[in-house]
Amino acid sequence: PMIAERRREELVEALSAARDRGMRVYHLVLTAPHQLGDELVVLLKMFADARRTMMNRKGWKRFAAAARIVGSIRALELTRGQNGWHVHSHELIFLDPVGEEPDSEKLLSLWQAACVASGLEEPNEHGLVIEGGAEAARYVGKWGAPEEMLKSHLKRGRRAGATPWGLLQAAADGDEFAAEL
């Protein structure tokens with residue numbers, strides 16, 4: 001709790017400083033298809049590789065330069081639901097006040113290619129979402145940006161999914177399947 005609270009304070013400071021400097025803040029969500037039998041350690045490795053691949057390719061670098069990315073803050077989120085492990089990330093991307101707006105279709109194609117190159121299935125149109133302004137504030141505002149980014153351990157996946165912390169609690173309560181996971 002103390003670490004999460006300190007990180008929350010740091011994130012509030014970062015968002016406040018960005019606002020004071022007139023920066024644009026976008027919320028980027030990345031995810032990839034998954035199946036019930038997928039192993040978490042394998043999914044995590046492929047997901048991390050896909051993200052790294054995308055951001056190291058010329059297409060992303062052109063976007064970053066044109067949009068004038070100043071920095072980002074990322075949170076990795078895991079849930080376990082009826083379709084197995086679901087890995088996704090939330091990123092707040094800070095952009096200079098001037099620069100091109102993100103093109104979600106182009107970014108999605110970069111993410112799709114990186115996923116395939118990393119051994120993941122190609123994501124559909126929901127695999128990459130990037131929103132700024134009122135849309136980003138509305139989504140992140142369901143918890144508030146700090147909580148969305150830092151308190152994933154308190155959230156539950158859709159359709160009664162569970163975070164690793166929820167599975168740990170279930171295992172402690174005697175759930176053998178949760179303990180195995």
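## Exercises on a predicted fold

The chain has eight helices and four strands. The model is a predicted one.

**Exercise 1.** Which pattern of helices and strands does the chain follow along the sequence, and what share of the chain is buried?

Solution. Step 1: read along the sequence, the elements follow α-β-α-α-β-β-α-β-α-α-α-α. Step 2: with buried meaning under 20% relative accessible area, buried residues account for 39% of the 181 residues. Step 3: of the contacts between residues at least 6 apart in sequence, 73% join residues at least 24 apart.

**Exercise 2.** Work out the strand order of the sheet, and find which strands stand at its edges.

Solution. Step 1: the four strands form an open sheet in the order 2-3-1-4, and the pairing is antiparallel. Step 2: strand 2 (69-81) and strand 4 (128-132) each have a single partner strand, so they stand at the edges and one side of each has no neighbour in the sheet. Step 3: from one strand to the next, the twist averages 15°. Step 4: strand 2 and strand 3 (residues 84-95) run antiparallel and are joined by 12 bridges. Within this pair, Leu-76 has Ser-89 in strand 3 as its bridge partner.

**Exercise 3.** Determine which strands helix 2 and helix 3 touch or cross, and at what angles the two helices run.

Solution. Step 1: helix 2 (residues 40-56) packs on the sheet and touches strand 1 (24-31), strand 2 and strand 3. The direction of helix 2 makes about 25° with that of strand 3. Step 2: helix 3 (residues 58-67) lies across strand 1, strand 2 and strand 3. The angle of helix 3 to strand 2 is about 130°.

**Exercise 4.** Check the span of helix 4 against its residue count, then locate its buried and exposed residues.

Solution. Step 1: helix 4 (residues 104-117) has 14 residues, which at 1.5 Å a residue should span 20 Å; the end C-alpha atoms are 20 Å apart, so the two agree. Step 2: the buried residues of helix 4 are Leu-107, Leu-108, Trp-111, Gln-112, Ala-114 and Cys-115. Step 3: these residues cover an arc of only 165° around the axis, and therefore lie on the same side of helix 4. An α-helix has 3.6 residues a turn, so residues three or four places apart point the same way. Step 4: Glu-105, Lys-106 and Ala-117 are exposed on the other side of helix 4. Step 5: the cover over the buried residues of helix 4 includes strand 1, helix 2, helix 3 and strand 4.

**Exercise 5.** What caps the N-terminal end of helix 4, and which residue just after helix 4 takes a positive phi?

Solution. Step 1: the N-terminal cap is Asp-103, with a side-chain oxygen 3.0 Å from the backbone nitrogen of Glu-105. Step 2: just after helix 4, Gly-119 has a positive phi of about 95°.

Methods: Residues numbered from 1 in each chain as written. Predicted model: local features only at pLDDT ≥ 70, side-chain atom pairs only at ≥ 80, totals over all residues. Heavy atoms only, no water. Pairing = 2+ DSSP bridges. Axes fitted to C-alpha atoms, helices over the stretch in contact; angles between N-to-C directions. Contact = heavy atoms within 4.5 Å. Expected span 1.5 Å × (residues − 1). Buried < 20%, exposed > 50% of the residue type's maximum accessible area, 1.4 Å probe, protein only. Arc of directions from axis to C-beta. Polar contact = N/O pair within 3.5 Å; in protein donor to acceptor, adjacent residues only side chain to side chain.
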